[in-house]
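Open the model in your viewer and keep the selection tool at hand. Here is a short tour of its interior, stop by stop.

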Amino acid sequence: MITIHHLCVSQSDRIVWLMEELDLPYDIKFYQRKAEDNTAPDEYLALHPAATSPIITDGELTLCESNAIVEYISQKYGNGRFVIPPTDENYADYLYWMQFNSNTMSVFMSELALKESATANSSAKKVVLRRREGYYQYINSHLGTHQYLAGNNFSCADIMSVFTLTTLPLFGGRTVDDLPNVQRYLADIRARPAYIKAMKIAWPNT
């Protein structure tokens, strides 16, 4: 059985969500962040050399990185459910939006670095801002003509992308208050029974 090693308030909540959408059995082990600096505890860091979140174990296998975990679970245990095949007309959209989280997280980390850098120049800030707004304006435009990110059917691309839109703002990331199509999309996501259940599990004190 898959065990989700859940670092609280992290991207591992998407794996809980995926398991609930697929109606698959799983165990979950919670890890609280260190009070002094809000980082992962030593027990979590010992799970994998990269020690990123999420991390799962499946028998002897230890796997991290969201894209890899989502594909692994969906293909191996979910019979390919929520994966868009190459024959589908929305396949290119699926590939693109599977990367949205990584792209926006990269921009977010660049923003943080620039804020803390005494030598950051205005040109670098403009490039980062342009990229950030490009990503967010595009997702808002795209969702004006699509119910979900890869067409009108829910997919792993949605599992991968929602964290950026809902949780990253809690850490200082861009909000989506000015993006009406994204707000409609998130309302649809938040109404999904599996999402509701997963968030109660992953965020037990909220």
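Start by selecting F154, which sits in the loop between helix 6 and helix 7. This is a predicted model, so treat each stop as a feature of the prediction. Is F154 buried or exposed? Its relative accessible area is 9%, and because the cut-off for burial is under 20%, F154 counts as buried. Now show its surroundings: setting aside residues within four places in sequence, F154 is in contact with W17, E21, F82, Y148, I159, I189 and R192. For a long-range landmark, add I84, which is 70 residues from F154 along the chain. The C-alpha atoms of F154 and I84 are separated by 9.6 Å.

**Across to F82**

One of the contacts of F154 is F82, so select that next. F82 belongs to the loop between helix 3 (66-76) and helix 4. With a relative accessibility of 11%, F82 is buried. Which residues does F82 touch, not counting those up to four places away in sequence? They are L18, E21, L22, Y94, F154, S155 and C156. Draw a distance from F82 to E21 as well: these two are 61 residues apart along the chain, and their C-alpha atoms are separated by 9.2 Å.

**Helix 4, seen end on**

Y94, touched by F82, leads to helix 4, residues 91-98. Colour D93, Y94, W97 and M98, which are buried there. Look down the axis and you will find them on the same side of helix 4, because they cover an arc of only 130 degrees.

**Helix 8 and its cover**

Try the same view on helix 8, residues 180-190, where the buried residues are V182, Y185, L186 and I189. These residues fall within an arc of 100 degrees around the axis, so they line one face of helix 8. What covers them? The cover includes helix 1, helix 6, helix 7 and helix 9.

Stay on Y185 for a moment. Leaving out residues up to four places away in sequence, Y185 touches L143, Q147, Y148, L149, D158, V162 and L165.

**The nonpolar cores**

In soluble globular proteins, nonpolar side chains tend to be buried together. Here the largest nonpolar core has 55 residues. To find your way into this core, select W17, I56, I73, L165 and Y185, the residues with the most contacts inside it. Helix 7 contributes the most to this core, with seven residues. Another core, of six residues, lies apart from it; among its members are Y31, A40, I55 and C64.

**The largest pocket**

Switch on a surface and look for the largest pocket, which has a volume of about 620 Å³. Its lining is made of 28 residues, and those closest to the centre are Q11, T52, S53, M105 and F163. Helix 2 (42-45), helix 3, helix 5 and helix 7 each supply at least two lining residues. The largest share comes from helix 5, with seven residues. By class, the pocket lining divides into 15 nonpolar, ten polar and three charged residues.

**Two cavities to finish**

How many cavities of 30 Å³ or more are there? The count is two.

For the largest cavity, with about 60 Å³ of space, select D13, R14, W17, I159, V162, F163, T166, T167, Y195 and M199. Helix 1 (13-22), helix 7 (156-166) and helix 9 (193-202) each give at least two residues to this lining, and helix 7 has the largest share, four residues. The lining has six nonpolar, two polar and two charged residues. Several names will be familiar by now: W17 is also in the list for the core, and F163 is also in the list for the centre of the pocket.

The second largest cavity has a volume of about 40 Å³. Select its lining: T104, V107, F108, E111, R132, Y136, L168, G173 and R174. Two elements give two or more residues here, helix 5 (100-116) and helix 6 (122-142). Helix 5 gives the most, with four residues. By class, this second lining has four nonpolar, two polar and three charged residues.

Technical notes
Residues numbered from 1 in each chain as written. Predicted model: local features only at pLDDT ≥ 70, side-chain atom pairs only at ≥ 80, totals over all residues. Heavy atoms only, no water. 1 Å grid on protein atoms, 1.4 Å probe; cavity = no way out; pocket = protein on both sides within 12 Å on 5 of 7 lines; lining within 4 Å. Points joined across faces, edges and corners; volume = space filled by probe spheres on them. Nonpolar A, V, L, I, M, F, W, Y, C, P; charged D, E, K, R; others polar. Buried < 20%, exposed > 50% of the residue type's maximum accessible area, 1.4 Å probe, protein only. Arc of directions from axis to C-beta. Contact = heavy atoms within 4.5 Å. Core = buried A, V, L, I, M, F, W, Y, C linked by side-chain atoms within 4.5 Å.
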